[in-house]
Amino acid sequence: MQLSKREFIKTGLMSCGLVLVGCKLKMLDGFANVNKKVFNNFKGETMPFELPKLPYEKNALAPHISENTMNFHYGKHHQAYVTNLNNLIAGSDLEGKTLEEVIKISAAEKKAGIFNNAAQVWNHTFYWHSMKPNGGGKPTGKVLEKIQADFGSYENFVTEFKNAGATQFGSGWAWLVLDAGKLKIVKTGNAETPLTTSAKPLMTMDVWEHAYYLDYQNARPTYIDTFLNHLVNWDFVAKNLG
Ligand SMILES: [Fe+2]
């Protein structure tokens with residue numbers, strides 16, 4: 001088929017347009033996938049589990065949490081829990097289970113090795129999302145109202161949360177949860193997680209030494225203050241509160 005010069009140019013432009021639209025749609029699809037991967041509670045996913053993407057760059061929480069800490073905490077510790085978990089459940093009857101199912105079954109059956117790694121995969125993913133650059137400080141809107149209703153005041157919440165983080169002996173976590181319709185603060189040791197209870201986690205703070213030692217050495221209270229003043233992602237809390 002012979003095309004006139006004008007038709008040739010017109011056809012070419014239309015093709016380019018289609019390619020550009022295609023590229024744009026592909027990019028949007030890519031963003032959707034990235035967002036889905038970021039935090040979806042690993043819903044529907046079975047092994048091999050993957051280290052989820054961080055919701056920000058590794059240097060985004062600096063100076064409060066350094067890139068060096070993220071390289072070890074996310075890149076080494078969190079990755080190791082993922083690798084260990086996949087190795088531990090490969091070939092077992094847990095192979096086709098989702099992460100939450102693995103956590104609950106291994107807790108009930110007292111399979112400590114599997115539980116510890118599975119829960120740490122989930123807990124750390126939840127922790128990364130519990131923080132954001134320029135976060136922290138007093139929340140607003142429905143989160144603040146709920147805190148005031150259930151703790152009496154934001155200041156009471158701060159005192160109780162700090163106390164939970166500071167008094168968790170050894171390694172563990174401090175959590176804000178929703179339990180029977182009320183906000184509560186709980187602390188858990190090692191890999192323990194509210195997922196095995198009736199409470200719904202809303203946000204968490206890692207108080208394992210690997211979370212703060214490179215930046216704060218043994219000053220856990222300073223790390224806790226920093227978490228509350230500069231890092232808590234109240235938008236994430238609001239989303240989880242529903
Ligand atoms: Fe950790």
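A residue counts as buried if 20 or more other C-beta atoms lie within 10 Å of its own. The exercises below concern a predicted model.

**Exercise 1. State what share of the protein is buried, and how its elements are arranged along the chain.**

Solution. By the definition above, 32% of the 242 residues count as buried. The secondary structure consists of nine helices and three strands. Read from the N terminus, the elements follow the order α-α-α-α-α-α-β-β-β-α-α-α.

**Exercise 2. Determine which strands stand at the edges of the sheet.**

Solution. Begin with the strand order: the open sheet runs β2-β1-β3, with antiparallel pairing. β2 (182-189) and β3 (200-206) each have a single partner strand, so both stand at the edges, and one side of each is left without a neighbour in the sheet. On average, neighbouring strands of this sheet are turned by 25° against each other, direction ignored. Next, consider the pairing of β1 (residues 172-179) with β2: eight bridges join these antiparallel strands. As one example, V177 has K184 in β2 as its bridge partner. Finally, helix α9 (residues 234-241) lies across β1 and β3, at about 155° to β3.

**Exercise 3. Classify the packing of α6 against α8 and describe the contact.**

Solution. Helix α6 (residues 154-167) packs against helix α8 (residues 220-231) at an angle of about 140°, and their axes are 10 Å apart. Angles over 145 degrees count as roughly antiparallel and 65 to 115 as roughly perpendicular; α6 is therefore oblique to α8. The crossing is right-handed. On the α6 side, V158, F161, K162, G165 and A166 take part, meeting R220, P221, I224 and L228 of α8. By class, this contact has six nonpolar, one polar and two charged residues.

Note on methods:
Residues are numbered from 1 along each chain as its sequence is written. This is a predicted model: local features need pLDDT of at least 70, side-chain atom pairs count only at pLDDT 80 or more; totals for chains, interfaces and linings use all residues. Axes are lines fitted to C-alpha atoms, for helices over the stretch in contact, and angles run from 0 to 180 degrees between N-to-C directions. Helices (H or I, at least four residues) and strands (E, at least two) are DSSP runs, numbered from the N terminus. Angles under 35 degrees count as roughly parallel, over 145 as roughly antiparallel, 65 to 115 as roughly perpendicular and the rest as oblique. A crossing is left-handed if the near helix is turned anticlockwise from the far one by less than a right angle, and right-handed if clockwise. Two residues are in contact if their C-beta atoms, placed from the backbone, lie within 7 Å. Ala, Val, Leu, Ile, Met, Phe, Trp, Tyr, Cys and Pro count as nonpolar, Asp, Glu, Lys and Arg as charged, and the others, Gly among them, as polar. A residue is buried if 20 or more other C-beta atoms lie within 10 Å of its own, exposed if 12 or fewer, and partly exposed in between; C-beta atoms are placed from the backbone. Two strands pair if DSSP finds at least two bridges between them.
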